[in-house]
Amino acid sequence: MKATELPRLWRGPSWVASSVPRAGRETNAPLVPPEPFAEKQKFGACLGMKIQAQVGSPGVQLAGLSLPLPPILSLPVTPPPRSPSRQGRDFSFDDCGRAFTCLPVEEPGALAEALVCNLDSLLGTMTHRLCVGSPPGVWVCSTDMLLNVPSAPGIDWGGFQGVRVIAVPGSQAYARNHGVYLTDEQGLVRDIIYKGTEAQIQQCARPDGTVPLVCGVVFFSSDAAEQLLATHVIPPLDACTYMGLDSGAPPIQLSLFFDIVLCMAGGMTEEDFVKGGSDASVRSARSVLWTALHTFPLTCIPSASYDYMTTSATLLSHVFLGVAPGCVARPQSHMPLCPRQQPCLLEDGSSVTNCLLEGAVHLAAGSVIQHCHLQGPLEIGPGCLLSGLTTGSSPALRGCPLRDIVLQGHHIQLHNLPCRVFTLTGRLDDWQVRMGATYLNAPWAEFFCRTGIREGDLWDAEMPRRSRCLLSARLFPVLHACEALGLEDVLWLLAPSVVAGERLARWRAAAELGARRALFFLQGQRKVRRVLLGRQDSSLLPLTRSAVHEGYHEAMLGTLDEVASTAGDAGIAARALACIADVLGCMARGEGGLRSGPAANREWAVAFGLLESGDIAGGVRELAAERQKWMSRPALLLRAARHYEGAEQILIRQAVMSSCQFVTVGPAELPPLGHWVQVACPARLDLSGGWSDTPPITYEHGGAVVDVAVLVDGCRPIGARVRRISEPELRLVSLGGTPRSEAVVELVCRDLEHLQDYCQPHAPGALLKAAFICTQVVQLPSQKPLRAQLREGFGGGFEVHTWSKLPHGSGLGTSSILAGAVMASLYRAAGKAASTESLIHAVLHLEQRLTTGGGWQDQVGGLVPGIKIGRSKAQLPLRVEVEKIPVPSGYTQTLNDHLLLVYTGKTRLARNLLQDVVRNWYARLPSTVQNADALVSNAEECAQALRQGNLPLLGGCLDRYWQQKKCMAPGCEPRAVRRMMDALQPYVYGQCLAGAGGGGFLYILTKAPRQKEALHQILAKTEGLGNFSIHSIEVDTDGFSVEVVGCDQKDSAHPGEGRAV
């Protein structure tokens, strides 16, 4: 384990989730006694793990293992994919990885007979030797090593507290490239020295001349573990969690030993420890760790020996033959052997594990067979490893020169097709060497000459020569067009040239099926270009799934990168980025967590910055470069997908902000200093068409929404007021339900840096800060300080008060209408005037700058009086056109008598809802495209019903609208709401949750007029509804009002202010 790696047991769930399902036995052996931790829930999965393992003949198989396929169906040597990144390297000698590598060991005392893997050995060693007598705490152990501990290590746990490390005695020569503990006579660690000088290492030497080497075993007492765990929410250590990183915390890399454990070393001072950090963030993290942990004593026990499980050829003897240097020799095991097998055929120094050998199978010294069923006569020379071979492979092995080779059979799954693939390499091959490399222990040139295989058969012409190595070579066939492949299809690579010539054609024929598939995906790449560049409403998701399943995801990603960077259109580029997010999501194969989540990790900041500056091609290239670092496991793939959706949102914002050209601001009389400009706005009901106003749907498909401006319980519930003040500063005040309410949030901004977080929706006062910037009252960025801008432009600063009587998540368009109120009052207070049409588009601009996204229907509903339909065409720049809907005489009062609002008592939770809808639209799911058509057509039918004054027809539109909302955003109907709607159904023409759904207000169109009290009684008798309330609404035919009033407005009455919802 590298010094910078956390051992895998510290991150238990990540590798346990990919463990080998092995039947026959269940091991329930936590690394620490589980009882003391029953109450310590916060330690989670680190406290103990249940490992289910199973043995099966002919070998151990990783469930669900699937290998990535190259453009032709021949397999590179690349080992099967696992959870990588800081969890150990791929292991070339066992498909199941180091933790589940089987060892030639028997457990005579076990309750059930089973194979013993390295994890079994580690758990047994930890549980029955190291952990015996230990107090409650957390053990950390690497699975990249073979650990050997004496049966009675003699560890004294009496009165122990703090942290204890297990050391391994080693030579001073070995210590020059390793970590060493410097301890005192009592075993307390004074320092940890990595790659020290000869003098430093000599200082660590014990009386016998050995030094205590660092190995991957550490014990944290419960107190120490709790203190360490508590630091994960403290900056900058919050960046050690992916939620912290993806929320914008700068990344930080820490070493378990040289950052966490070292702070407890007795010879460390705070100054030396903190200064030892590689950069400012690590130094800051070290300061936090020092404060949390330095008082815990750190002791060292030299009571183990170990050997790292590397990919070098020496591992054959270290692991499978049981002769690791410095370790107690593990017994060789032949389990099980056929009774007719003669032991004399197995030379000393050979090993057989989990095999059935029938007949004369001669195994030379230094060779290993595991998980095989073979029939003699067979001669297996020295230096070989055979694994995963069945009895059907035996005829092909006879007569083959088996010496210094590694021959393995692998079970893989190609979509729903199970396959068996064989790989063949030389024991002396270095898999990653580019120059002077060998294959089958001989130079590549010799191999090409002997077999007739050409370099172009193994690597694409586009692959740089420096990248061509054994790991990336397409050597091993996976599928043949008309017959099954067998062991002979790789063994011929060992044969002399006369035999090789007969097999070369078959080897190339196996690639022919791959060529056909390659042609299929080549035309698929053309389809991607055609659909995206032609703005077609065809879904690319089925092709994406196929490409991922068949291993063509890299080709798909390359095509999407090309389209995004060369289209010259932000809309096309945004959809291409969304498709890349879909590819990454499919590659996660349903694992790794939620698809939606934060997307502000600083690793992506350069790419985002290029997109924000308008450099789409450069941004796409930077995104692709960063993406390569996030491809290794499902959790990273999903996080990368979220950031691609974040990049797509940048381009959507730029497209929507084209609506700024429809914002016209003229001069107006500047109100006197200290005089309030007050704006009061109605709420809005969306009667049909919502979601069609949401970007990018609104400018790619076109939208239409029918809205009604309404008074709630007789008053306009949303408002803002602004006045100029003499001090050159911004006072931002959020009130309760009325202008006379107490302040809930109050901020004072005196510098431009106080406005920098205007684009973070959850930052205090973000909407008001964004309003100052979007109205150009304040210029940001600017070389001129804020105070100077305010003094020169307006003779002082501004004070802004906002209020809303509606509960959070009401679904009545509060935030957008409030933004309109703030901008209207701010324009007027600054001596400017803007039309209602300008305000509608200005709010669109503000919400994009605020990064909340959203459509245009809320501000249309709240800023335009009465009943109207808003429309947008499928084009950019985005322009919203509003048509007032004429209704028959007296029909407005009829609506007032038949419309009611029911507060469901459920806060509308729309988190990630917008992301899901936009994702489905960009994927052009047929249901989403058809639903977008239906939303627009239903809005036009709703408008017609209103013109006719037909209540039943209007109610039918409301019911259809609710079904369309549920189709667009599944899960937006809570159970309590469904029960409420069922109870009301006999008494209404139609009903629908306002806004996106999920809670908030339900509006109903009753069959009989003035039914507020009657329906209240019905709902009161309905079980499971919770805290509901019913409110009257009236169509507001006057619209929002702008008033310039005197300085004493704070004490004046506000119409309806006592009737807050």
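Pro877 sits in the loop that runs between strand E34 (867-872) and strand E35 (880-884), and the peptide bond leading into Pro877 from Leu876 is cis, with omega near 0°. Helices (H or I, at least four residues) and strands (E, at least two) are DSSP runs, numbered from the N terminus. This is a predicted model, where local features need pLDDT of at least 70 and side-chain atom pairs count only at pLDDT 80 or more, while totals for chains, interfaces and linings use all residues. Residues are numbered from 1 along each chain as its sequence is written, and side-chain values use heavy atoms, with hydrogens and water left out.

**Confidence**
- The chain has a mean pLDDT of 82 (the predictor's confidence in each residue, from 0 to 100), and 83% of its residues reach 70 or more.
- Residues 1-88 have pLDDT below 50, and beyond near neighbours in sequence this stretch has 243 contacts in the model (contact means heavy atoms within 4.5 Å).
- Over residues 323-341 pLDDT stays under 50 too, and here the model has 55 contacts beyond four places in sequence.

**Backbone oddities in loops**
- Another cis peptide bond joins Pro695 and Pro696, with omega at about 5°.
- Pro696 lies in the loop between strand E27 (683-688) and helix H22 (697-700).
- Asp713 isn't a glycine, yet it has a positive phi of about 50°.
- You'll find Asp713 in the loop between strand E28 (703-712) and strand E29 (718-725).

**Helices H5 and H9**
- The axes of H5 (residues 222-230) and H9 (residues 280-293) come within 9 Å and cross at roughly 150°; axes are lines fitted to C-alpha atoms, for helices over the stretch in contact, and angles run from 0 to 180 degrees between N-to-C directions.
- That makes H5 and H9 roughly antiparallel to each other (the label for angles over 145 degrees).
- On the H5 side, Ala224, Gln227 and Leu228 meet Leu289, Ala292 and Leu293 of H9.
- By class, this contact of H5 with H9 has five nonpolar, one polar and no charged residues; Ala, Val, Leu, Ile, Met, Phe, Trp, Tyr, Cys and Pro count as nonpolar, Asp, Glu, Lys and Arg as charged, and the others, Gly among them, as polar.

**Aromatic pairs**
- Searching the whole structure turns up 19 aromatic pairs (ring centres of Phe, Tyr and Trp, the last by its six-membered ring, within 6.5 Å).
- One of them, Phe273 with Trp290, is tilted, at 5.8 Å centre to centre and 35° between the planes; under 30 degrees counts as stacked, over 60 as edge-to-face and the rest as tilted.
- This pair links distant parts of the chain, with Phe273 in helix H8 (residues 270-275) and Trp290 in helix H9, 17 residues apart.

Methods:
Angles under 35 degrees count as roughly parallel, over 145 as roughly antiparallel, 65 to 115 as roughly perpendicular and the rest as oblique.
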